Structure formats: structure tokens, C-alpha cells
Amino acid sequence: MTIQPTLLMIADIAGYTRFMKFHYMSLVHAQEIVAKLLEAIIDAAPGMRLAKLEGDAAFFYLPSQSDGSFGAAIVATQAAAIYRAFHACAADLRSNTLCPCDGCTQAGDLKIKLVGHVGAVAVQKVKRMTELAGVDVIVVHRMLKNAVPLSEYLLVTKPVYEMLDAPTRERASNVNLEMDDLGSAQGYYVDLHDCADALPTVAKLPVHARLGRHLKLICRSVPYILGLKKPCVAFRNVPGAVAA
């Protein structure tokens, strides 16, 4: 087990509770949609290491360099890339679906929220799993419950704020973070829309391509329809997550 300064970031898919109306087939398809969105988020953050998936959120970490520092603009760069990849994937899923269920038609309504913190973290290998421990791991998860008045944002603590590039710091607003059992801390948030370039235009796929996607979705849904599998309940209620 090693303890060192570590950058922690959680990418949380917001709006999932409203997105799901608990119709059985919508739940099955929504689970597929969230899985694809999480894949897009992970692929967009090659500069971070994936600690684990937590329901509809991805928990990333990055140990500091040997001198205790982190790469310049790593937070702003990764946040912008995640935002763009998430919305490109969501728009594609919504525009190219042939399924009329709530889960598929409302995919484009989902939002992305990012929280970031730096602290002393114990990293331990348990077989093939990487476990992160320490108070600062709890802090970054408690940050998901906050009073930020935006639907999509990057929220960071002071150590991460000081790592941001000058334009991002200038756009940041203050917010007091009240965290259960941990007291209060100063937070800073920025609108993710202001951190990224214009989102790419979504290409409408040919009918045969959309039909192929739809057939694959139906095939993956068959085990659930037959009762051989059940949708993952973790997607319905993620501890520490905030319904939007």
C-alpha cells in the first residue's frame, strides 16, 4: 500500500432518476444507454486511471508526479473532453434510435457533472482490483451533494482550483460545500459548456444502420424479457448520488 497526493475525479451522469420511469423495458434499455455513455466517458479520459464504476458514475484517479505535482491543465482538458464525448454519444443514441421507449427517446436529456479533489490517498492492490482509501476519497464523493445552481458543471476544491488554467479560474464561482461528518469547505465551479468547444454535429445514420442497432438492442433485451436476467438495481439508486 502506498500513500501519495492523488487527483480524484468523479464523472456523474445526472438526471437518471427523472430519466427512468421504472417501466421494465425502459429500465433494460436505460441500462444499455448508461453503459454506452460510461464507455464514452472512459475513452475520453486517457490521462486518468479508472478506479471503478459506481452505478451511473465513473470514478477516476491520478497519482501525482514524483515531485508531488500534476500535469498542467490536466483537469480542464479532461473535463472538456469528457463533456464533449458524453454529449456526442448521448446525441447519437437519441438521434439514431428506432425504439420508442422512455429510456431510448430521453437519452439526450441526460447531463454530466464532474467533481474533483486532491488529497492523500492510499492505493492498494487487491488481486486485480485497485482500491483507494482515505478521508479525501470520502470528500470527493460527498461533493456530489452540493448547492451548485447549474445542470452541468465542474466542481472542485481549492487544491484543484489552483491547478486550473487562468481562463477557467476566471470563470469560476464560489460555493460553500457542507459535507456530512466532514464539515464545510470552499468549492469552485464552472459551467462545463464554457469549458469545451462547440459540440460536433450528430450524423443521421442510414435506416439499415439504425435497424441493425435496434435489432442488437432487442437481442440483448431477450434474457430480461424471459426473466433470465434482471436489470442492475444499482443504476436505480446510487449511494451518494444526487437526483437531478
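Here are some notes on the largest pocket and the salt bridges in this structure, which is a predicted model.

1. Let's start with the empty space. The largest pocket holds about 280 Å³ of space. Its lining is made up of 17 residues. If you want to find the middle of the pocket on your screen, look for K36, L93, R213, L217 and R220, the lining residues that lie nearest its centre.

2. Which elements give two or more residues to that lining? They are α2 (24-43), α3 (74-95) and α8 (207-225). Of the contributors, α8 gives the most, with 6 residues.

3. What sort of residues face this space? Sorted by class, the lining has 7 charged, 6 nonpolar and 4 polar residues.

4. Now for the salt bridges: how many does the model have? The count comes to 3. Each one gets its own point below.

5. Have a look at D92 and R213 next. This pair forms a salt bridge, and its closest N and O atoms are 2.8 Å apart. D92 sits in helix α3 while R213 sits in helix α8, so the pair ties together parts that are 121 residues apart in sequence. You have met R213 already, as one of the residues nearest the centre of the largest pocket. Both helices have come up too, since α3 and α8 each give two or more residues to the pocket lining. As for its surroundings, R213 is partly exposed, with a relative accessible area of 33%.

6. Then there is K52 with E131. Their closest N and O atoms are 3.8 Å apart, and the pair forms a salt bridge; the cut-off is 4 Å, so this pair falls within it. Why does this pair link separate stretches of the chain? K52 belongs to strand β2 (residues 49-53) and E131 to strand β5 (residues 129-133), so the salt bridge ties together parts that are 79 residues apart in sequence. Buried or exposed? K52 is partly exposed, at 32% relative accessible area, and E131 is partly exposed too, at 30%.

7. Last comes the salt bridge between the side chains of D109 and R94, at 3.0 Å from N to O. Here D109 lies in the loop between α4 (102-105) and β4 (111-126), and R94 lies in helix α3, so the pair ties together parts that are 15 residues apart in sequence. D109 counts as partly exposed, with 43% relative accessibility. R94 is also partly exposed, with 40%.

Key. Residues numbered from 1 in each chain as written. Predicted model: local features only at pLDDT ≥ 70, side-chain atom pairs only at ≥ 80, totals over all residues. Heavy atoms only, no water. 1 Å grid on protein atoms, 1.4 Å probe; cavity = no way out; pocket = protein on both sides within 12 Å on 5 of 7 lines; lining within 4 Å. Points joined across faces, edges and corners; volume = space filled by probe spheres on them. Helix = DSSP H or I, 4+ residues; strand = E, 2+ residues; numbered from the N terminus. Nonpolar A, V, L, I, M, F, W, Y, C, P; charged D, E, K, R; others polar. Buried < 20%, exposed > 50% of the residue type's maximum accessible area, 1.4 Å probe, protein only.
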